[in-house]
Amino acid sequence: MSSTILNLPDQSTATVPKRNYLTNENGLMSWLLTGDHKRIAILYLISITFFFFIGGALAGLIRLELLTPQSDLMASDTYNKIFTMHGVIMVFLFLVPSVPATLGNFMIPIMVGAKDLAFPKINLLSWYLYLVGGGMTLAAMITGGVDTGWTFTTPMSTHFSNTNVVTTGLAVFVAGFSSIFTGLNFIVTIHRMRAPGMTWFKLPLFCWSHYAASILMVLGTPVLAITLVLVVLERTIGIGVFDPTKGGDPILFQHLFWFYSHPAVYIMILPGMGVISEVISTFARKRVFGYTAVAFSSVAIAVFGFFVWAHHMFIMGVSNYAVLVFSLLTMLVAVPSAIKIFNWAFTLYKGSITFETPMLYAFGFMGLFTIGGLTGVFLGSAGTDIHLTETYFIVAHFHFVMVGGMLMAFLSGVHFWWPKMTGRMYPEKISQLAAVVTFIGFNFTFFPQFLVGMLGMPRRYAAYPQEFQVLNVFSTAGASILGVGYLLPIIYLLWSLKYGAIAGNNPWRATGLEWQIQSPPLTENFTTIPIVTQDVYDYEWLDAQKEHEVTHVG
Amino acid sequence: MGLSPVLWEFLVKWMVNFAIIPPEASRIASQVDALLVFMTLVSLVGLVLVGLLVVGFSILYRRERNPVATQIEGSTLLEATWTIIPLGLFLVMFVWGSVLYFRIYTPPPNAMNIYVVGKQWMWKAEHPGGQHEINSLHVPINQPVQLTLISQDVFHSFSIPAFRVKREAIPGRYTTVWFEPTQIGTYHLFCTQYCGTSHSAMIGEVVVQSAEDYKKWLNSSTSGTSLAQNGERLFSSLSCNACHNGQPDSRGPSLANVYGSKLTLTTGQPVLVDEAYLRQAILNPSAHITQGYAPIMPTYQGQISEEGLISLVEYIKNLNSNYRVQQTLNTTGLLPEQPVTPTGKAGSSAQGVAKP
Amino acid sequence: MADLQTEHHEHEPEQHAEDHIVSPAVYAVILGALLIGTAITIAASYLEMGPWNPVVAIAIACAKATLVVLFFMHIKYSSKLMKLTVGAGVFTFLILVGMSLSDYFSRAWGQW
Amino acid sequence: MSDSHAIAAAGEHEVHEEHPPYLRHHFVSMEQQTETTSFGMWLFLLTEIMFFGGLFTAYLIYRNWYYPAFVAGSHQLDIFWGSLNTLLLICSSFTMAMGVWSAETKRHKGLVWSLIGTLILGIGFLGIKTIEYTEKYEKHHIPGHNFDWKGFTNPTQEEIAKGDKPLAPDMAQKTEVYFSLYFAMTGMHALHMIIGIALLCGMLFKALRGGYMDGHIAFVENFGLYWHFVDIVWIFLFPLLYLISRHQ
């Protein structure tokens, strides 16, 4: 038995189908005014990649500065602006839209058996809002930057910073609405647009996790929006809602900000979890272990996610009783994540496992997310939070979750669905290499940060005491490896657009509806609306379908 | 391939100074570390378990060995197991962590108080005896020290990793934290809440000294005026004594022994008079009127600096206590009286330090 | 405005919820109720009820809002999904307000 | 949510043959489309609830902290204008509901007149708001550099007659918090009204030219939902901002 399930059509005869969503219409306007969720997904993919590399370049500058204890590469002011921009861009312009707006946008309508998202025009509007938000962020960056940190802490942001807080705040406001519209579209689509026979428990877990994340987007983001409006008004007009000199309470800002920004962590990670469910099931040739538990754990994370925000404020003078409640709830929200990890691990049990690139990234995700999640418990427990918060420990923790978790999941998903999106395969060996390089580079970059954080090195320091240098040098060295790991996919994925092998409909022999149609799909996705009779992750059904499948090549 | 000398030097340095945790220099540090060790062990077990499962299954059930997967729906028993066991562990961590939290933020009654003002970008410590320090903090060993923190501008955060304590300094409000140093030495003091341009320069050192050295330091760095004396001056220059004079017909309540007492406000609400209350009552008097008095006190918002407020608070705290009465003319003996701790050691040493 | 009868459809309410047309008579009754509610709120604010004043004001406002949601916004005639959606919104709103306030109220605990 | 809407679904061709003019290509039936858009609108209203939720949270906290300042600030608002505005908005909600009904029952005149009524009432509301804002501006009650709280420490005879007490200076300063919230809340509400009126004008324009008479009234219905939501926000704002402790 071969060690791969890769199932490509005969390369001498196969072609990419002439008629597909990419070739359906030509010209720039056909892209800029498209209502097609797949084209919008591609537009999003291009724009978030652009912002990812800007954010990544800023991260590189941060690591370079931290190579030495002194602030010698740049002034501390510049450093502050750089880490602020890194945070704003990575959080609001990369992580939040990363999987949902690209892979989710592309796959969810197909997975539920619909021709498009419920509101194609709103979907396009969401992309334009994203662009406006991104453009404003870039404008703020070019015209002098902003130095409040991505958390816009008042009264720093309202009265003490003399940088472009207003522009950046409004940029985040606009980008927030882009995310609201994406989430709204997903919820409506999953509720209303399912194909005949596609019941809730036949939905792929990718849809479940997007559904959960969308709830958070729709209900959480507006609170951030109004908070930023108040910050902007306080800065421009001088109203006194958060200003302690006028009787306002800066802690209130923290409450409102984290009411969104903690659920935002789940907005970022839940879609990634959805990708991992799909990938692990496909490459283990097995139904996800405890499908219902995984599905409901996503919803549980979404619901509990709203109850835990004040754990960001344990040392900020919230009441001791609030600390107790929020700490307890934080412990509870950790459980669904643990459930997911074990369910994924047991999906492998008695599977028939192969190790293609998406699976390697998924393994990376499981390891790194486990570390990220468990270190989160260190911070959720009030007593240890006091020592660890605001140090590099917390930086390492959320990078393990966000970069180790979400980015790994994103890359896993991109590699998994790339043949579906483009109709072509990327070179397998080099992509596996990239996955391994990323994993190694990541650990080199961020594991030392746990250690240096445990030693007490505060975050957002341009200069730091001598004794932390060695670990920082490790971290910077790792970052250069990580950089290579991220550059490689860009190169070979672009290469594959022209020279990659023809992928065929279902190179991974996966069960999702998206794999039963041609690659790249038609604009209307399905020639006939599917009537779903098979179960979700039904590999026996798939094997029985083999003959039928071939006849469907468009 | 020879190792570059620079890299070599680095590695040697790292090996020599290798530490996972900062020095344990306070009473609470070892307790925090115990929980940290417990959590690390649990995490390691969890990680190893997940790792073993993934690697083990990957080897056992790779496609070459197991060409056809066996479809399994799930297992309620297993799922209950990995719901309940992590939940149990997390709850243990929650209880343990909360107990620690309350310990870290509940100062013992015999703690000596030092005020710390954070401002962009320095820490200013104000000792009751009138000693000022910038970006450093001298404390005696084996003596509980309570810090009353306030920020003059933005959020700052007062962090001493070696003591495992940290607290935000918030504009407009006192917060407190306490620790009991147990090792003589010099430790890092950081501002950990991002506070603007020179955030990373807002660092200093905490110097833990023996009782004798601390006494010497107190004597050598006194500014000549204690906080309470300074407060007394402010008290009269702001004409506070016009109303708060303790006369039977005075328009303001007597402030003697008011600190630590329980007052009833005009709203009928009972309050405990602490530093935070005193500060609020000076700045926002109308919301803090004692029952039986008219709301005629003007606000001093914007008229007194945070340092001035600290002096006033410190003065009122000590006002007309017996100790204070005896020592009125003594310039350096203005530390609040320390009740003797059960061990008798910590309290008496602080008293000894305080008396010239 | 001849058609004062609420038009009932034969279909299952679940399925054809949107088809239900509420009659102007119902709207007029609701309008009346809202105006009366407004009058009561204003009147109540002039009564001395101590801590109950804000409670009464909010209660009346909630009642008015409920009427608007149920009838003007047709939630009474809508599917369970819609009712659940509205419920979810109110629930999250209460989480935000309630849990933030819980911090503020409990800050003073133990201070007296 | 049942899957009933899609059970009868068939192949693409079948659907396309009986394609109603307003059915978008990706929906199976008109009914699915209507339900979907109205569900989407409700989700959008949820985001609006949370948007105002942040303001209400802030309001409740500060009202608790600075109750006397909130009372004094509230007494500066004219209860007559506030009540009249409530009246206008409730009536406009009614006319909007009638508009939806007219569209549902294909009454062209009814729809046009309902929309005109809604428009007039809405503009009336904004007009009164302008009067109130102007008064605040003249009294220097707009928060920011021109804010003047001195008036609250020594109220005029007229105000004292109405039961206002002089505030201590520290509490008088806190009226700025009240007015910050007043302007943030009513300002956000007014912004929603302005957006609503713009949409209303567009809708009226289309209705005058005979639109919405073919059964495709999703826009009218969803705009109605929006307008009612804005009304609900005001139903809460009115007692919270205008009616604090009027009995004093």
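Which residue takes a positive phi in the hairpin of E2(B) and E3(B)? Gly130(B) does, with phi near 95°, and the hairpin has 5 residues between the strands. Here helices (H or I, at least four residues) and strands (E, at least two) are DSSP runs, numbered from the N terminus.

Before going further, a word on the model. It is predicted, with local features needing pLDDT of at least 70 and side-chain atom pairs counting only at pLDDT 80 or more, while totals for chains, interfaces and linings use all residues. Residues are numbered from 1 along each chain as its sequence is written, and chains are lettered from A and ligands numbered from 1 in the order in which they are written.

## The open sheet of chain B

Let us stay with chain B. The strands E3-E2-E1-E5-E8 of chain B, in that order, form an open sheet of 5 strands with mixed pairing. Two strands count as paired if DSSP finds at least two bridges between them. Strand E3 (132-134) and strand E8 (175-179) of chain B are at the edges with a single partner strand each, so one side of each has no neighbour in the sheet. On average, and ignoring direction, neighbouring strands of this sheet are turned by 25° against each other.

Helix H7 (residues 306-318) of chain B packs on this sheet, where it touches strand E1 (112-119), strand E2 (122-126) and E5 of chain B. The direction of H7(B) makes about 165° with that of E1(B). For such angles, axes are lines fitted to C-alpha atoms, for helices over the stretch in contact, and the values run from 0 to 180 degrees between N-to-C directions.

E1(B) and E2(B) also form a hairpin, with 2 residues between them. Within this pair, Gly118(B) has Trp123(B) in E2(B) as its bridge partner. One strand further along, Lys124(B) is bridged to Ile134(B) in E3(B). Towards the other edge, Val145(B) has Phe179(B) in E8(B) as its bridge partner.

Here are some strand pairs of chain B together:

| Strand pair | Bridges | Sense |
|---|---|---|
| E1(B) and E2(B) | 5 bridges | antiparallel |
| E2(B) and E3(B) | 3 bridges | antiparallel |
| E5(B) and E8(B) | 5 bridges | antiparallel |
| E6(B) and E7(B) | 5 bridges | antiparallel |
| E6(B) and E9(B) | 2 bridges | antiparallel |

## A buried strand

Strand E6 (residues 156-160) of chain B deserves its own look. 5 of its 5 residues are buried, so E6(B) is largely enclosed by the rest of the structure. Buried means that 20 or more other C-beta atoms, placed from the backbone, lie within 10 Å of the residue's own; exposed means 12 or fewer, and partly exposed lies in between. Both faces are covered, with His156(B), Phe158(B) and Ile160(B) on one side and Ser157(B) and Ser159(B) on the other.

The partners of E6(B) can be followed residue by residue. Ser157(B) stands opposite Glu168(B) in E7(B), and Phe158(B) stands opposite Cys191(B) in E9(B). E6(B) and E7(B) form a hairpin with 4 residues between them, and Arg164(B) in the turn has a positive phi of about 60°.

## Chain A and its contacts

Chain A has 18 helices and 0 strands. Its C-alpha atoms fill a box of roughly 75 × 45 × 45 Å along the principal axes. A compact globule of 554 residues would have a radius of gyration near 24 Å, and chain A agrees with 23 Å. That radius is taken over C-alpha atoms, and the globule rule is 2.2 Å times the number of residues to the power 0.38. Buried residues make up 71% of the 554 residues.

Two residues are in contact if their C-beta atoms, placed from the backbone, lie within 7 Å. Among contacts in chain A with a separation of 6 or more, 86% join residues 24 or more positions apart.

Between chain A and chain B, the contact takes 78 residues from each chain. Helix H11 (residues 320-347) of chain A gives the most to the side of chain A that touches chain B, with 14 residues. The residues on that side divide into 47 nonpolar, 22 polar and 9 charged. Ala, Val, Leu, Ile, Met, Phe, Trp, Tyr, Cys and Pro count as nonpolar, Asp, Glu, Lys and Arg as charged, and the others, Gly among them, as polar.

Chain A also touches chain D, with 39 residues of chain A in contact with 38 residues of chain D. H8(A) gives the most to this side of chain A, with 10 residues.
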